[in-house]
Amino acid sequence: MATMVQAIRMALHYGETHLGVKNIFGEDVGPPLGGVFTATQGLKTSWNSPLDERGIIGAAMGLGLSGQRCVAEIQFCDYIYNTIDLLKLAGMQTWSSNGDWPCPMTVMTPVGSGIRGSIYHSHSFDATMTHIPGWKIVMPSNPLDAYGLMIACLKDENPTMYLKPKALMRIRGQDPIPGEPPFTHEGEKELKDRIDAPLADRSKWVPRWPEGLTDYTVPLGVAKTVREGNQLTVVSYGRTLPLCAQAADQLREEGLSIEVIDLRTLWPYDWAQISESIRKTGRALFVNEDTEVTNFGEHLIRRTVEEHFYSLEARPRLLAGAFIPGIGLADPLENASVPQLGSILDAMRELVAERA
């Protein structure tokens, strides 16, 4: 099975060969590195920009407004904050022009903890990004969705923000990408040999892309129930989603029934699916790793309370990152800063046991 970074790379290749993507650029995005996480290795339209985040976003806006579909990468989301005013302008274009001047650009950036990146390479960006109207925002939790969400972004006429969870980039999926080699040890090796650049000299390396790649698309605004249950609704995305699913599996052995929803798209988000699940379970837990103050999960709690107050069996709860300026380098500091399996298990048990 493909890893998430391989899935993103294959989706970008499909985009530049079938969906009109003409420029994929950012810091170290082009040869020889192909991105700090190698998500752009071997792409024929990739090129290296100056180390200038505002220049990268500005160039993407210019290309988008001129009708050229592009993908721009900010190497780590920690360095995207000085572009907020430009992101705001890009988000207003389609709306303020009544659709006459769409800006079909995709910005992708790695987010979150999990690689021991310390204070300069471990931030989250989902809460801040959801404060900027006009963008469609996605964060995958597995390789198949990573592929399908990228294809959806590359088809959309609005600016799209593709948040890549750093901790999951090298994790293999459980479902094959349409067109990748068959699911065998030899198939995984074949995919690596085909599309992963060698560690040594890359000057003559040319990728051999799988020929059967398709426009498999995960529709924006559609969540996915990854575990069925009737005692508690858990809504998550990105790095914490697999932990929530693992916790639900573990608690099933204790006789607890936990429903886990992968949001996948932060905007537009699938409130209909969340709402239906909360009506069924009467309890809700929202889990992500961004800081807890003005967290996107707080918005979902507000809506939960407003629309389901009289049917809730327990107070809805948020489990998120600590409100601290950064994440420490040492393992215990990082683990204490953002939700881990243990804290997710504790929160699930407490909510199931609580009575309003």
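This text walks through a helix, the cysteines, a cavity and a pocket of the structure shown above. The model is a predicted one, and every value below was computed from its atoms.

A convenient place to start is helix α5, which covers residues 143-155. With 13 residues at 1.5 Å a residue, α5 should span 18 Å, and the distance of 19 Å between its end C-alpha atoms agrees with that expectation. Most of this helix is covered, since 12 of its 13 residues are buried; among them are P143, L144 and D145 at the beginning of the listed run, as well as Y147, M150 and C153. At the N-terminal end of α5, N142 acts as a cap, with a side-chain oxygen placed 3.3 Å from the backbone nitrogen of L144.

The buried C153 of α5 leads on to the cysteines, where the structure holds zero disulfides. For C70, the closest cysteine sulfur belongs to C103 and lies 7.6 Å away, which is too far for a bond because a disulfide requires the two sulfur atoms to be within 2.5 Å. C77 is likewise in no disulfide, its nearest cysteine sulfur being that of C153, at 16 Å. Both of these residues are covered: C70 counts as buried at 1% relative accessibility, and C77 is buried with a relative accessible area of 0%.

The enclosed space in the model comes to one cavity of 30 Å³ or more, and the largest cavity holds about 30 Å³. Its lining is formed by V235, Y237, F286, V287, N288, F296, G297 and L300, and the elements that contribute two or more residues to this lining are β11 (284-291) and α9 (296-308). Divided by class, the lining of the largest cavity comprises six nonpolar and two polar residues, with no charged residue.

The largest pocket, by contrast an open space, has a volume of about 520 Å³, and of the 22 residues that line this pocket, S141, N142, Q174, L241 and P242 are the closest to its centre. N142 therefore appears in two settings, because the residue that caps the N-terminal end of α5 is also one of those closest to the centre of the largest pocket. At least two lining residues each come from α5, β7 (224-227) and α7 (240-252), and α7 supplies the largest share, with five residues. The lining of the largest pocket divides into nine nonpolar, six polar and seven charged residues.

Definitions and conventions:
Residues are numbered from 1 along each chain as its sequence is written. This is a predicted model: local features need pLDDT of at least 70, side-chain atom pairs count only at pLDDT 80 or more; totals for chains, interfaces and linings use all residues. Side-chain values use heavy atoms; hydrogens and water are left out. Buried means under 20% relative accessible area, exposed over 50%, partly exposed in between (1.4 Å probe, protein chains only). Helices (H or I, at least four residues) and strands (E, at least two) are DSSP runs, numbered from the N terminus. The expected span of a helix is 1.5 Å times one less than its number of residues. A polar contact is a pair of N or O atoms within 3.5 Å; within protein, one must be able to donate a hydrogen and the other to accept it, and residues adjacent in sequence count only if both atoms are side-chain atoms. On a 1 Å grid over the protein atoms alone, a cavity is a set of points where a 1.4 Å probe fits but cannot get out, and a pocket is an open set with protein on both sides within 12 Å along at least five of seven lines; lining residues have an atom within 4 Å of a point. Grid points are joined across faces, edges and corners, and a volume is the space filled by probe spheres set on the points. Ala, Val, Leu, Ile, Met, Phe, Trp, Tyr, Cys and Pro count as nonpolar, Asp, Glu, Lys and Arg as charged, and the others, Gly among them, as polar.
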